[in-house]
Amino acid sequence: MKFTLEEIAKLVDGSIEGDPLKEINGVNSLDKANSNQISYAVSDKYKESLSSSSAGAIIVDKSLKRHCKTNAVIVENVYLAYAILSQKFQLNQDINNLKYGSEKSYPKATIAANCLIGQNVKVGNNTIIHQNCVIEDNVSIGNNCLIEPNVSIQIGSRIGNNCVISPGAVIGSEGFGNAIDANKKWHAIAHLGNVSIGDDVSIGANTTIDRGSITDTEIHNGVKIDNLVHIAHNVIIGEDTAIAAKTGIAGSTIIGKRCMIGGAVGIVGHLTITDDVIINATSTVNRNIKKSGVYTGFIPIMLHSDWKKVGIWLTKLDKIASFMKIKLKNIR
Amino acid sequence: MKFTLEEIAKLVDGSIEGDPLKEINGVNSLDKANSNQISYAVSDKYKESLSSSSAGAIIVDKSLKRHCKTNAVIVENVYLAYAILSQKFQLNQDINNLKYGSEKSYPKATIAANCLIGQNVKVGNNTIIHQNCVIEDNVSIGNNCLIEPNVSIQIGSRIGNNCVISPGAVIGSEGFGNAIDANKKWHAIAHLGNVSIGDDVSIGANTTIDRGSITDTEIHNGVKIDNLVHIAHNVIIGEDTAIAAKTGIAGSTIIGKRCMIGGAVGIVGHLTITDDVIINATSTVNRNIKKSGVYTGFIPIMLHSDWKKVGIWLTKLDKIASFMKIKLKNIR
Amino acid sequence: MKFTLEEIAKLVDGSIEGDPLKEINGVNSLDKANSNQISYAVSDKYKESLSSSSAGAIIVDKSLKRHCKTNAVIVENVYLAYAILSQKFQLNQDINNLKYGSEKSYPKATIAANCLIGQNVKVGNNTIIHQNCVIEDNVSIGNNCLIEPNVSIQIGSRIGNNCVISPGAVIGSEGFGNAIDANKKWHAIAHLGNVSIGDDVSIGANTTIDRGSITDTEIHNGVKIDNLVHIAHNVIIGEDTAIAAKTGIAGSTIIGKRCMIGGAVGIVGHLTITDDVIINATSTVNRNIKKSGVYTGFIPIMLHSDWKKVGIWLTKLDKIASFMKIKLKNIR
């Protein structure tokens, strides 16, 4: 699939600075795009990557245009323009090409009844795939893996050796990214990245791991993930980190090595958590953690009758402090 | 299926005020029931709907009887009586009537291998249904939808146009409503409502949306729902609201338009949240929100060693206040 | 499968005190192991069970050796040794032995298309199993059960009478237990226990219940569990307890009878909660609850602008108290 910049500009209601006949055949991140691909920059956080990008063209708004050293497509809402464009380059497969395991030839693997397997799928030696799994096009699964029943592994996901994926897990689902237009309507970003899972990883029942928007969501070697965990697009989980059940990690957050994340923890997006961090169950992480250690953030459970009395003051701590003429600097 | 009031009274251990031979063929809400249907009222919050209902009969307790202008079935525990009765009117399907997609005729849709489709199912033009989906009786799916692998869409659910449902999602599962009897045993309410989903809705991987108890659970146009979200029975989500992963919304809560609900938020039941409300990740919402704005409720994360010190005081805020002779009125 | 203690000691890098030729054919808990099985003790909490165990051998570290009255395998890291050993005794099934429902003979049950059923599976009278379920070897399902689409019931799970399992639920998934070695690499414990579910239990859509490590995870009669709930290995839920959606209960926690656990509650592992406890939605339970009553632990939601002001003080409560010269003993 190819579009000229002229066609792209029309599609996203933008203007061109550069060559309108330049042909574009894909989308990529600023630092990975080649001269036939288009990229985008949403804020001046990206101005350096923007200046040094090898992309064939870049979508920017007026304020960022001057940092763009290649063809520019100038729009009002960069993220919305990207959402519209990503739909054009969306990954497609012919779902009627998925064949039953028994019609495919993986003589060194064991593939149970009712598994449906796409085109260009690799399944390693001694790997076992249980019943009712759907393995889409271009997936690769290493040696000695165990894929349990009712698992969906979506287009292009890569799984290393010695991995276990428990029933009902979904690997490579579309990320949750939506651009908003002037009428407050959402436009979904088509996610063109993949999920990349290392060796010796285990993934729990009904856990979901979204594919990346452009680059991949990455689960490194030795990571252990429990049931009903959500890993959003472009999250990176470092080696040998363990994540207990019901935890959710929002988009683009990077977690270090050997971390232990308790159950039902919520980690917001775009954070960086260093190596060897332990986060206790049900905590909310809403800031970077730069120092290894044990972290906690939840309210102790009490009799509801007590909680009702305490709760009134919880929401007025700033006013208590000011009434008591306490200043932060004095109590440090 | 039909029962006389006499038969119903026997079933639920009640007495009749009115015509014991009156025939009833279904259950409905006070404001929607017709003269052949029975309804129920559990508290005097409903006394006006009770007085004006067109139902053929209404289950009430002694205290509400005087507000009932039609045949009454009088019981001690209305909700329990309804639970027992709802089981009688339960929606049934012959599961052996579900046919493989390829045996059904949807020439304008693409239906992959191993999909099983019930009686009286509509599938719109250009809609794609991936492998291993189960689409039960009386479901309707609009045009241009994408239903991904291993999705279950249960009896009577309605899905609009241009919707995306990610792998493993469950649409129309039975709601969690149980009445308790005098022996502290639970009796499940059979949920007779459906799930009604508008146009341009997306639903994430392994998300579950329960069907309504009597009326429908409603997801309006343009709503975007992420992975592992739980939407309980009779919840209504307004247009263009976005809900991030791992959030749960309890029964009968109504959420306005253009809200943005962060990840892992817990919203309790029977609340009303107005339009244009933003709720930050992992907050608990336990009261109505009448004013648009940004809301938050979680405890900041700290080193566990700090949390242990802070936690002691967190549960004693009311006592701190009284020790310091702080009064709420003084600090407002 | 049989190993001599000599072989076992080699496998786990341990030394033997006792008979190196003693043959072991399985693993069990200290109080249930027979003279052909091996058990293990990780801390001196278990010293009494250790002394009175009928096991043929017990894995211990040096400090616990003196309490062992039978053959001992002495290692540095008991849990790691057990992880390695458990893999050897892992439950296996030939997944190609799972047959379509229609090829199996359950004349008194209704089994829909695309269900795959293992060896030695019992399905009771009037039980209905919907499409695309996978029922593994040695599972037993009672009478009058309803198993909805896309459910996975893994090896050896036992389900009583009159149970309902909603779509996408996973029963008997491997528990999340990993031992860490000296290089900070995880070694999964192979879970050899099962899930045991009583009568009149309902389990919600996409809920996951892990099998026990050695003994079983137990869900007693009359328990009602909502959607997207996680029940970890070796949890025991008492009769007639109800658990709302999105709650997670960590390993080995014991919950009493007639409890009502709200939505999105997090309960940490190894706790005991007595009968008739009500826990409000989204609370974290991190201590035993010995007295029935209503418990709560969450932070009230506020305008984000208020939360930012309050949050600063929330994390400094101990310092406020010390600045104000408040002592805990004075405010009790």
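Author: A word before we start: two copies of a chain are superposed by a least-squares fit on the C-alpha atoms of residues whose pLDDT is at least 70 in both. This is a predicted model.

Reader: Thanks! What turn and what shift along the axis lay chain C on chain B?

Author: The fit of chain C on chain B leaves an RMSD of 0.0 Å. The shift along the axis is 0.0 Å, and the turn is 120°. The two copies are therefore related as by a three-fold rotation axis.

Reader: How many residues of chain C and of chain B are in contact?

Author: Two residues count here if their C-beta atoms, placed from the backbone, lie within 7 Å. By that cut-off, chain B brings 54 residues to the contact and chain C brings 51.

Reader: Which element gives the most to the side of chain C that touches chain B?

Author: Four elements of chain C give two or more residues to that side: strand S38 (302-303), helix H4 (304-314), helix H5 (317-323) and helix H6 (328-331). With four residues, the one that gives the most is H4(C).

Reader: How do the residues on that side of chain C divide into nonpolar, polar and charged?

Author: Let's stay with the side of chain C that touches chain B. Its nonpolar residues number 26 and its polar residues 19. The charged residues there number six.

Reader: What is the bridge partner of Tyr295(B) in S38(C)?

Author: Strand S37 of chain B, residues 293-296, runs antiparallel to S38(C), and two bridges join them. In S38(C), Tyr295(B) has as its bridge partner Leu303(C).

Reader: Now for chains B and A: which element gives the most to the side of chain B that touches chain A?

Author: This contact takes 54 residues from chain A and 51 from chain B. On the side of chain B, the elements giving two or more residues are strand S38 (302-303) and the helices H4 (304-314), H5 (317-323) and H6 (328-331). The element that gives the most, four residues, is H4(B).

Reader: And what is the bridge partner of Thr296(A) in S38(B)?

Author: Strand S37 of chain A (residues 293-296) and S38(B) are joined by two bridges and run antiparallel. Across this pairing, the partner of Thr296(A) is Met302(B).

Reader: Within chain A, which residue of S24(A) is the bridge partner of Val170(A)?

Author: Strand S19 (residues 170-173) pairs in the parallel sense with strand S16 (residues 152-153) of chain A over two bridges, and there Val170(A) partners Ser152(A). S19(A) also runs parallel to strand S24 (residues 208-210) of chain A, joined by three bridges. In S24(A), the partner of Val170(A) is Thr208(A).

Note on methods
Residues numbered from 1 in each chain as written. Chains lettered and ligands numbered in written order. Predicted model: local features only at pLDDT ≥ 70, side-chain atom pairs only at ≥ 80, totals over all residues. Nonpolar A, V, L, I, M, F, W, Y, C, P; charged D, E, K, R; others polar. Pairing = 2+ DSSP bridges.
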